[in-house]
Amino acid sequence: MNLIDIVSTYSSFGDHHTGTSVDRETSAWLVDLLGDLGATHREETYEFERFVGEAELHVDGDPVPSLPVFYSAVGRHICDRVEVVRVPFNRCGTAHGLDDVLVGRTGGVAVAVDGPDDLAVQCNRVPLNGSRPAVVVPGNWADRVQRGASLRFDARLERSESSNIIAELGAPNHSPVTITTPLTAWTPAAGERGSGLAIALALMVELAAAHHVTLVACSGHELDHLGLRRFLAGSDVIAEWVIHLGASVGAVEPGADGTPALGRHRYVLTDAPGETRAAIAARVAGANWTLLDLDPWPGEGGTWRDAGASVLSFIGQFPYFHTAADIPAHAVTSDTLELAKTVALDAARVFLAER
């Protein structure tokens, strides 16, 4: 399986917003790919209120790199005064990370995120939660916007639908395991989402020799895990053993010598017991992952765990997380994808040997 080809194709569809044509095209491509692998599949469709909006932020007549904050407000707004609120980079992956900025206030706001210069870092959102028109701007623009900016914001909600894809591979009498990865994102998401999807498919094929593997690829990740929450709410039986490939599992950043390497902010979480946990910790270090104890767990791995599953979760961040620059040329290499896959597979086998 050529991992970088999967990442490149996934990224080529465009911005993977839930409920859009890109979402539908990506799902159709994944279904075809699963058929080529010999897997059976089904799609579970759900409806939701999709945010559709445009925003323009100007300083002294010059456009500022910006993106509308989803579900921050609806309707048309013209704001001659804009409040600037600085937000740390790590809030962007948390659906409630902007609640204190948006709820219970009035007037326009520019959320300045300290990410890469001149790149707006979009923030995850809870649908239908907010009360003021807002945009995200690069952190290096904050001072200029603070001196005076104008905002035009126009947004609406429209009924839309998306789907989760559930696929199965392996003999039915083999011990079951679920592999899960999110399918949607804000951007082309080569590193953030594409690398996880490629590695999830590779693990599905490898583990199907000894297990009955169910792949659960849910949309709505950027909207407070909307698709996964719908999937779990409609499931009579929650999977007992879950391997979660989350954000940026194969994404790179420049190493000490400038060569692309797996990023520094990479973490593994598991509720496996003592000796198994120690064995997993030793193995994941080979792909620059660190085993952590966190409460609550971040990402969809935490949502699975809250539902009662035993989980091995791989997550991470990298410099172009949630930006338009998350494309294959910046985010992945063949060698690092293969390394992340090999290490994740080794750790998964240790995790499953405990059952």
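Two strands are taken as paired if DSSP finds at least two bridges between them. In the predicted model, strand β3 and strand β7 (residues 134-138) satisfy this criterion with two bridges, and their pairing is antiparallel. Within this pair, Pro68 lies opposite Val135 of β7. Both strands belong to an open sheet of four strands with mixed pairing, in which the order is β3-β7-β6-β5. The edge positions are taken by β3 (67-68) and β5 (82-87); each has a single partner strand, so one side of each is left without a neighbour in the sheet.

A further set of pairings involves strands β1 and β8. Strand β1 (residues 40-59) runs antiparallel to strand β8 (residues 150-169), and 19 bridges connect the two. Glu44 is placed opposite Asn164 of β8, and Glu56 has Arg152 of β8 as its bridge partner. Strand β1 also pairs with strand β2 (residues 62-63), again in the antiparallel sense, over two bridges. Here Val59 is bridged to Asp62 in β2. The connection between β1 and β2 is a hairpin with two residues between the strands, and Asp60 in the turn adopts a positive phi of about 55°.

Besides β1, strand β8 is joined to strand β4 (residues 75-79) by five bridges in an antiparallel arrangement. In this pairing Ile78 stands opposite Arg152 of β8, the residue that also serves as bridge partner of Glu56. Strand β8 is likewise joined to strand β10 (residues 211-218) by five bridges, and these strands run antiparallel. Ala167 has Leu215 in β10 as its bridge partner.

Cys218 is located in strand β10. The relative accessible area of Cys218 is 0%, and the residue is therefore buried, the cut-off being under 20%. Leaving aside neighbours within four places in sequence, the contacts of Cys218 are with Asn164, Thr181, Pro182, Leu183, Thr184, Gly227, Leu228 and Phe231. Among these, Asn164 is the residue of β8 that stands opposite Glu44. Cys218 is separated from Asp36 by 182 residues in sequence and by 20 Å in space, C-alpha to C-alpha.

In soluble globular proteins, nonpolar side chains tend to be buried together. The largest nonpolar core of the model holds 78 residues, of which Ile179, Ile243, Trp289 and Phe314 touch the most other members. With neighbours within four places in sequence left aside, Phe314 contacts Ile243, His244, Leu245, Gly246, Ala247, Val249, Tyr267, Val268, Val284, Trp289, Ala344 and Ala347. A second core, separate from this one, comprises 27 residues, including Tyr71, Val82, Ala149 and Leu226.

Helix packing was examined for α1 and α10. Helix α1 (residues 3-12) packs against helix α10 (residues 334-353) at an angle of about 110°, and the axes are 9 Å apart. Angles of 65 to 115 degrees count as roughly perpendicular, and α1 and α10 therefore stand roughly perpendicular to each other. On the α1 side the contact is formed by Leu3, Ile4 and Val7, and on the α10 side by Ser334, Leu337, Glu338 and Lys341. By residue class, the contact of α1 with α10 consists of four nonpolar residues, one polar residue and two charged residues.

Methods:
Residues numbered from 1 in each chain as written. Predicted model: local features only at pLDDT ≥ 70, side-chain atom pairs only at ≥ 80, totals over all residues. Heavy atoms only, no water. Axes fitted to C-alpha atoms, helices over the stretch in contact; angles between N-to-C directions. Parallel < 35°, antiparallel > 145°, perpendicular 65-115°, else oblique. Contact = heavy atoms within 4.5 Å. Nonpolar A, V, L, I, M, F, W, Y, C, P; charged D, E, K, R; others polar. Core = buried A, V, L, I, M, F, W, Y, C linked by side-chain atoms within 4.5 Å. Buried < 20%, exposed > 50% of the residue type's maximum accessible area, 1.4 Å probe, protein only.
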